[in-house]
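Here are some exercises to work through with the model open beside you. Try each task before you read its solution.

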Amino acid sequence: MTLQQEIVGNAMQMAVVSLHPGQTVYCEAGKFLFKTVNVSMETRLGGPSGGAGGRQPQGGGSGGGGMGGMLRQAMGTAMQVGQRALAGESLAFQYFTAQGGEGTVGFAGVLPGEMRALELDGTRAWFAEKDAFVAAESTVDFGIAFQGGRTGMKGGEGFILEKFTGHGTVIIAGAGNFIDLNPADFGGRIEVDTGCVVAFEEGIQYGVQRVGGLNRQGIMNAVFGGEGLSLATLEGNGRVILQSLTIESLANALKKAQGGDKQGPTGGLFSTNAG
């Protein structure tokens with residue numbers, strides 16, 4: 001059953017989801033806005049993947065009942081919660097189910113910007129930056145993907161990604177405006193600020209590379225260019241979604257407006273990190 005949703009608004013969009021009777025959608029804690037009274041709300045640890053946070057097993061299916069089934073379910077939930085804790089994500093999901101008729105639920109991201117509904121058909125997964133996830137059908141599995149150690153240490157935002165598999169609709173959010181690209185249209189490879197990557201399809205190769213060499217121009221790029229030492233690289237043939245505003249640039253703009261900007265005219269390695 002397709003998730004009926006409409007994304008409304010401009011500078012700060014929100015998703016209004018219409019649920020059929022018995023249909024369930026879940027969101028990350030903190031992304032819920034409103035609901036009609038006939039929509040039930042339940043908070044659970046973990047997510048749908050592996051059955052830890054989704055539908056509970058009914059009766060005595062094969063291996064699903066008894067103490068062994070309960071133990072496996074508890075271990076699956078603990079593993080999911082542990083992964084999300086390591087990733088710095090919310091530990092809980094909120095589930096919304098329409099009872100006795102059509103229901104409506106509203107969701108939003110946490111930054112001014114766009115939202116996008118992605119349709120999964122089971123053939124390709126989607127990967128997204130941390131905190132991009134807003135809501136999804138209960139038929140969509142949410143997971144955490146850890147990039148390689150070297151990529152993570154150099155790339156910052158790219159070390160931990162959200163992963164969506166299964167069938168159905170998943171709604172993501174980002175900052176500023178979205179830009180849709182396919183690296184195949186640009187010779188098979190694009191290089192972007194690491195904070196600009198919102199989401200990309202499975203099959204796109206994500207990496208991080210140093211900005212320039214250890215020469216005069218490389219040092220100028222790193223110190224004064226505003227990109228630091230690294231750029232994200234995206235290669236292959238598939239959909240890529242970028243955002244026009246990075247969290248770091250937004251934080252620096254707010255600090256500057258409050259008189260707390262310490263970076264002066266340089267940027268780059270001298271940028272003031274929020275927090």
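Two strands pair if DSSP finds at least two bridges between them. Helices (H or I, at least four residues) and strands (E, at least two) are DSSP runs, numbered from the N terminus. This is a predicted model, so to speak of local features we need pLDDT of at least 70, side-chain atom pairs count only at pLDDT 80 or more, and totals for chains, interfaces and linings use all residues. Residues are numbered from 1 along each chain as its sequence is written, and side-chain values use heavy atoms, with hydrogens and water left out.

**Exercise 1. Find out which parts of the model deserve caution.**

Step 1: start with the average. pLDDT is the predictor's confidence in each residue, from 0 to 100. The protein averages 79, and 66% of the residues score at least 70.

Step 2: look for the weak stretches. Residues 50–63 stay under 50 in pLDDT, and the model gives them 26 contacts (heavy atoms within 4.5 Å) beyond four places in sequence. Residues 148–158 are also below 50, with 12 contacts beyond near neighbours in sequence.

Step 3: decide what to do with them. Where pLDDT is low, the predicted coordinates should not be read in detail.

**Exercise 2. Describe the protein as a whole.**

Step 1: count the elements. There are four helices and 18 strands.

Step 2: check burial, where buried means under 20% relative accessible area, exposed over 50%, and partly exposed in between (1.4 Å probe, protein chains only). Of the 275 residues, 45% are buried.

Step 3: see how far apart in sequence the contacts reach. Taking contacts between residues at least 6 apart, 77% join residues at least 24 apart.

**Exercise 3. Work out the strand order in the sheet that holds β2, and say which strands are at its edges.**

Step 1: take one pair. β2 (residues 14–19) runs antiparallel to β7, and six bridges link the two. One of the bridges puts M14 opposite A108 in β7.

Step 2: add the other strands. The open sheet has four strands in the order β1-β2-β7-β4, with antiparallel pairing.

Step 3: find the edges. β1 (4–8) and β4 (32–35) each have a single partner strand, so one side of each is left without a neighbour in the sheet.

Step 4: add the twist. Neighbouring strands are turned by 20° against each other on average, direction ignored. For such angles, axes are lines fitted to C-alpha atoms, for helices over the stretch in contact, and angles run from 0 to 180 degrees between N-to-C directions.

**Exercise 4. Now do the sheet around β17.**

Step 1: get the order. Three strands form an open sheet, β14-β17-β16, and the pairing is antiparallel.

Step 2: find the edges again. β14 and β16 have a single partner strand each, so each has one side without a neighbour in the sheet. On average, neighbouring strands here are turned by 30° against each other, direction ignored.

Step 3: follow the bridges. β14 (residues 189–192) pairs with β17 over four bridges, while β16 (residues 205–210) pairs with β17 over six. L234 in β17 is the bridge partner of I190 and also of Y206. Q205 stands opposite E235 in β17.

Step 4: check the cover on β17. Five of the six residues in this strand (residues 230–235) are buried.

**Exercise 5. Which residues have the most contacts inside the largest nonpolar core?**

Step 1: fix the term. A nonpolar core is a set of buried Ala, Val, Leu, Ile, Met, Phe, Trp, Tyr and Cys residues joined through side-chain atoms within 4.5 Å.

Step 2: name the hubs. The largest core has 21 residues, and Y26, F133, F164, V170 and I172 have the most contacts inside it.

Step 3: ask where the residues come from. Strands that each supply at least two residues include β6 (92–98), β10 (133–137) and β15 (197–201). β12 gives the most, with four residues.

Step 4: look for another core. A second, separate one has 16 residues, including L19, V39, F107 and A173.

**Exercise 6. Is P112 buried, partly exposed or exposed?**

Step 1: locate P112 in the loop between β7 (103–108) and β8 (115–121).

Step 2: read the accessibility. P112 is partly exposed because its relative accessibility is 40%.

Step 3: list the partners. Leaving out residues up to four places away in sequence, P112 touches A11, M12, G174, A175 and G176. The C-alpha atoms of P112 and A173 are 9.2 Å apart, with the two positions 61 residues apart along the chain.
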